[in-house]
Amino acid sequence: MKVNGKDYRTVWMEGSSVFLIEQNLLPFKFEIFESKSYKQTCTAIKNMLVRGAGAIGSAAGFAMAQAFLEASEKGFWEFVEKAKKEIEATRPTAQNLFYATEQVYQKAKMSNDPAETAIQTAQSIADKDAEDSRKIGEFGNELIKDGYNILTHCNAGWLAFTDFGTALSPIYMAHKSEKNIFVYVDETRPRSQGARLTAWELKNEGIPHAIIPDNAAAHLMQQGKIDMVIVGADRIAANGDIANKIGTLEKAICASEYGIPFYVAAPTSTFDPDCKTGKEIPIEERNPDEVLYQTGLTKDGKVERVLVCSPDSEAFNPAFDVTPAKFITGIITEKGIISS
Ligand code: MRU
């Protein structure tokens with residue numbers, strides 16, 4: 001997607017460096033971070049400098065490629081296998097991360113030139129992620145009617161993938177095909193990926209939208225102001241249950257109550273056949289400080305973090321929830337729409 005007229009991907013590799021859009025600074029500052037080692041890329045994933053299932057997957061694939069480049073001849077495979085474990089320990093929920101590390105490792109293991117194969121495999125994972133997202137946009141666009149008001153949660157736009165995104169990809173296509181649409185964006189506390197990232201993406205594309213408080217969606221649904229919901233997914237279990245950003249479950253229950261179609265957009269790399277149901281999906285618990293503090297822009301242009309809760313209170317911060325398949329109208333994938 002374009003930023004200030006220039007095409008960007010969320011994450012890419014050049015030589016032995018991985019380049020990432022610094023998402024913690026958005027929408028206030030647009031900066032690129034250069035990660036020079038697999039350990040630095042691990043930290044970038046952990047600290048959510050890069051986040052979102054597909055982007056995490058691509059970053060993890062490139063981190064594996066960096067590990068292959070960094071390994072010396074002696075103890076080559078021990079080094080790589082230790083690095084794989086470290087990369088996989090960065091974030092537990094997004095299936096794309098594990099898909100990418102496994103693919104890169106397995107393909108390199110079968111090759112005479114493991115480092116080169118690792119780079120090529122990581123690159124093709126990133127390319128496929130971008131292409132899958134574009135196809136999701138085409139399939140999803142067929143569901144969007146002219147005049148629709150669409151609700152989305154968190155950020156499943158291009159920043160959450162290598163390019164295009166999932167939940168937002170159909171919205172971009174609908175807008176390009178000149179459908180008149182409006183997007184309600186859940187702010188998505190505690191890290192506000194909706195208010196900060198989705199809103200920034202939509203503004204860049206000139207798509208009419210409004211940020212709403214996290215607790216406003218049921219009210220809008222009751223008033224008939226939402227025609228459909230589209231969200232992303234971080235992992236999809238074999239029975240069709242999905243894990244997505246905390247708060248998704250509430251929106252799905254409300255949509256079901258008011259008879260509003262609830263769609264999940266995700267590539268097949270997000271499906272985990274080893275998880276029989278959503279109960280088996282590991283749910284990440286993050287630092288309580290993410291609830292207690294908020295980051296914003298001061299009047300003199302500094303990005304600053306301030307306490308927004310009762311001092312000395314504790315917080316609990318589950319990052320994802322599981323929406324049972326029964327609340328999901330369909331899953332939009334790069335291969336087509338799976339309807340339930
Ligand atoms: O914790 P994050 O920001 O990595 O969360 C992942 C997400 O962005 C969402 O859950 C998203 O809606 C689906 S994954 C693109």
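**Notebook: the interface of domain 1 and domain 2**

I began with the spacing of the two parts, and in this predicted model I find the C-alpha centres of domain 1 and domain 2 to lie 23 Å apart. The bounds I used put domain 1 at 2-134 and domain 2 at 138-339.

Next I looked up how much area is buried where these parts meet, and I noted about 3300 Å² between domain 1 and domain 2, with 53% of it on carbon and sulfur atoms. On the side of domain 1, I see that F28, T93 and R134 together supply 20% of the area buried against domain 2, which is more than any other three residues give.

I then turned to the contacts, where I count 38 residues of domain 1 touching 42 residues of domain 2.

For the charged pairs, I recorded three salt bridges between domain 1 and domain 2. I also looked at the salt bridge that R91 forms with E284, in which the closest N and O atoms are 2.7 Å apart. Across the interface of the two domains I have 27 residue pairs in polar contact, with both residues of each pair at pLDDT 80 or more.

Which elements give two or more residues to the side of domain 1 that touches domain 2? I list α2 (53-70), α4 (95-109) and α5 (114-141), and of the contributions to this side I find that α5 gives the most, with seven residues.

Last, I sorted the side of domain 1 that touches domain 2 by class, and my entry reads 18 nonpolar, 11 polar and nine charged residues.

Notes: Residues numbered from 1 in each chain as written. Predicted model: local features only at pLDDT ≥ 70, side-chain atom pairs only at ≥ 80, totals over all residues. Heavy atoms only, no water. Domains from an automatic or database assignment. Contact = heavy atoms within 4.5 Å. Buried area = accessible area lost by both parts, 1.4 Å probe. Salt bridge = Lys/Arg side-chain N within 4 Å of Asp/Glu carboxyl O. Polar contact = N/O pair within 3.5 Å; in protein donor to acceptor, adjacent residues only side chain to side chain. Helix = DSSP H or I, 4+ residues; strand = E, 2+ residues; numbered from the N terminus. Nonpolar A, V, L, I, M, F, W, Y, C, P; charged D, E, K, R; others polar.
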